[in-house]
Amino acid sequence: MKLLSVVLPAYNEEKMIEKAGIVIGQILEEQKIPYEIVFVDDGSKDGTWSEIERTAQKDPHIAGVHFSRNFGKESAMLAGLANTKGDCCVVMDCDLQHPPETLVEMYRLWEQGYEVVEGVKHSRGKESLAHKASAGMFYKLISKAVGIDMSRASDFKLLDRKAVDALLDMPERNAFFRALSAWIGYKTTSVEFDVREREEGESKWSTKSLIRYAITNIVSFSSAPMQFVTGAGVFVFFLAVILGIQTLIHYFTGNAVEGFTTVILLLLLIGSILMISLGIIGYYISKIYEEVKGRPRYLISRKIDSEI
């Protein structure tokens with residue numbers, strides 16, 4: 001049988017490293033699926049890397065990658081994929097909210113010839129009302145912006161080696177893994193899963209971080225926000241035409257007024273649209289600047305190879 005590589009990005013997950021390795025390993029060994037598990041420490045501030053080292057000493061299936069600092073989950077996933085040996089690779093969360101049992105179903109579908117197996121959420125598990133609302137708004141925004149239905153999408157997916165190579169060959173620094181893995185195509189299917197509750201620790205995703213994540217990924221994958229600038233310009237133009245006609249009618253009928261309030265409101269409206277538009281353009285320019293500099297997506301300070 002061919003080797004399955006499981007990539008687990010980890011940020012401050014010291015309590016879950018050993019358990020994740022044991023649980024995933026037991027499931028795959030029971031099914032006689034050859035495997036390796038690649039933990040990627042995304043510049044954690046706790047003892048995550050020490051736990052990875054300790055677990056790797058006891059289990060030859062464990063590999064580890066340690067970043068020089070925190071580069072973000074997208075970089076951690078790509079670094080994990082770049083340091084795998086498998087014929088197919090699965091990316092999943094280290095906190096086991098992605099059910100490890102689904103790995104077997106994904107692998108069997110890959111054996112049937114599918115090259116990308118998407119994990120789609122059947123339910124999101126227990127979340128606070130505020131977190132559900134912010135997550136729902138995030139997925140609606142990003143789905144409209146990138147033109148792909150992201151409402152149930154997740155980072156939990158299996159990729160054939162050719163799909164992994166296609167992703168890694170893309171030169172952009174600001175990569176959006178969920179959208180890019182759908183964009184590359186290949187023979188695709190999906191499996192549903194229920195998001196589980198975290199067994200240890202707390203979610204690293206706050207409403208603020210979700211908004212920041214949405215903005216970064218929308219800009220990196222889509223030019224939709226730039227269309228807002230055009231739309232705002234068209235709106236102001238039609239508003240100006242309407243107000244111009246109204247002003248001329250009042251002038252020729254002898255009912256012209258000073259219109260101080262109208263002028264102030266127009267100035268505030270136009271000024272705010274201009275500032276928002278400049279902010280959007282400036283954000284795109286900053287991302288272009290980052291791409292032009294060509295800095296690496298991540299820097300690896302330490303590495304452990306599996307013995308598989």
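**Group meeting: a walk through the predicted model**

Okay, let me start with one residue: Lys32 has a relative accessibility of 64%, so it counts as exposed. Keep in mind that what you have in front of you is a predicted model. Where does Lys32 sit? You'll find Lys32 in the loop between H1 and E2. And Lys32 has a positive phi, about 55°, although it is not a glycine. Most residues other than glycine have a negative phi.

Which other residue has a positive phi without being a glycine? Asn12, with a phi near 55°. Asn12 is in a loop too, the one between E1 and H1. As for cover, Asn12 has a relative accessible area of 25%, so it comes out as partly exposed.

Let me zoom out for a moment. The protein has 308 residues, and 44% of them count as buried. Its secondary structure comes to 10 helices and eight strands. About 16200 Å² of the protein is exposed, with carbon and sulfur atoms supplying 59% of that. Now take the contacts with a separation of 6 or more: 84% of them are between residues 24 or more positions apart.

Next up, helix H2. That's residues 48–58. Which residues of H2 are buried? They are Thr48, Trp49, Glu51, Ile52, Thr55 and Ala56. Why do I say they line one face? Look down the axis of H2: the buried residues fall within an arc of 155°, so they line one face of the helix. On the face turned away from that buried side, H2 carries the exposed residues Gln57 and Lys58.

So what do the buried residues of H2 pack against? Going along the chain, there's strand E1 (4–10), helix H1 (17–30), strand E2 (35–41) and strand E3 (62–67), and then strand E8 (300–304).

Staying in that part of the chain, go to His61. His61 is in the loop between H2 and E3. Buried or exposed? His61 is buried, because its relative accessible area is 18% and the cut-off for buried is under 20%. Leaving aside residues up to four places away in sequence, His61 touches Glu29, Tyr35, Glu36 and Ile37, and also Ser306 and Ile308.

Now over to strand E1, which came up a minute ago as one of the elements that H2 packs against. Pro9 is in E1. With a relative accessible area of 13%, Pro9 is buried. How far apart are the C-alpha atoms of Pro9 and Val38? They are 8.3 Å apart, with the two positions 29 residues apart along the chain. Beyond residues up to four places away in sequence, Pro9 touches Val40, Lys73, Ala76, Met77, Met92 and Cys94.

Okay, moving further along. Glu118 belongs to strand E5, residues 116–123. Here's a glutamate that counts as buried, at 14% relative accessibility. Its C-alpha is 7.8 Å from that of Ser154, and those two are 36 residues apart along the chain. Skipping residues up to four places away in sequence, the contacts of Glu118 include Met106, Phe156, Lys157, Ser181 and Ala182. Glu118 also touches Thr188, Thr189, Ser190 and Val191.

And that leads us to strand E7, residues 188–194, where you'll find Glu192. Glu192 is partly exposed, with a relative accessible area of 44%. Which residue should you look at with it? Try Gly119: Glu192 and Gly119 are 73 residues apart in sequence, but their C-alpha atoms are 5.9 Å apart in space.

Last topic: empty space. How many cavities of 30 Å³ or more are there? The count comes to one. The volume of the largest cavity is about 40 Å³. Its lining is made up of Glu74, Leu78, Leu167, Met170, Ala175, Phe176, Phe177, Leu180 and Arg297. Helix H3 (73–82) and helix H7 (177–183) each supply at least two of the lining residues. What about their character? Seven of them are nonpolar, none is polar, and two are charged.

That's my tour. Happy to go back to any of these spots.

Note on methods: Residues numbered from 1 in each chain as written. Predicted model: local features only at pLDDT ≥ 70, side-chain atom pairs only at ≥ 80, totals over all residues. Heavy atoms only, no water. Buried < 20%, exposed > 50% of the residue type's maximum accessible area, 1.4 Å probe, protein only. Helix = DSSP H or I, 4+ residues; strand = E, 2+ residues; numbered from the N terminus. Arc of directions from axis to C-beta. Contact = heavy atoms within 4.5 Å. Areas by Shrake-Rupley, 256 points an atom, 1.4 Å probe, with all protein chains shown as cover. 1 Å grid on protein atoms, 1.4 Å probe; cavity = no way out; pocket = protein on both sides within 12 Å on 5 of 7 lines; lining within 4 Å. Points joined across faces, edges and corners; volume = space filled by probe spheres on them. Nonpolar A, V, L, I, M, F, W, Y, C, P; charged D, E, K, R; others polar.
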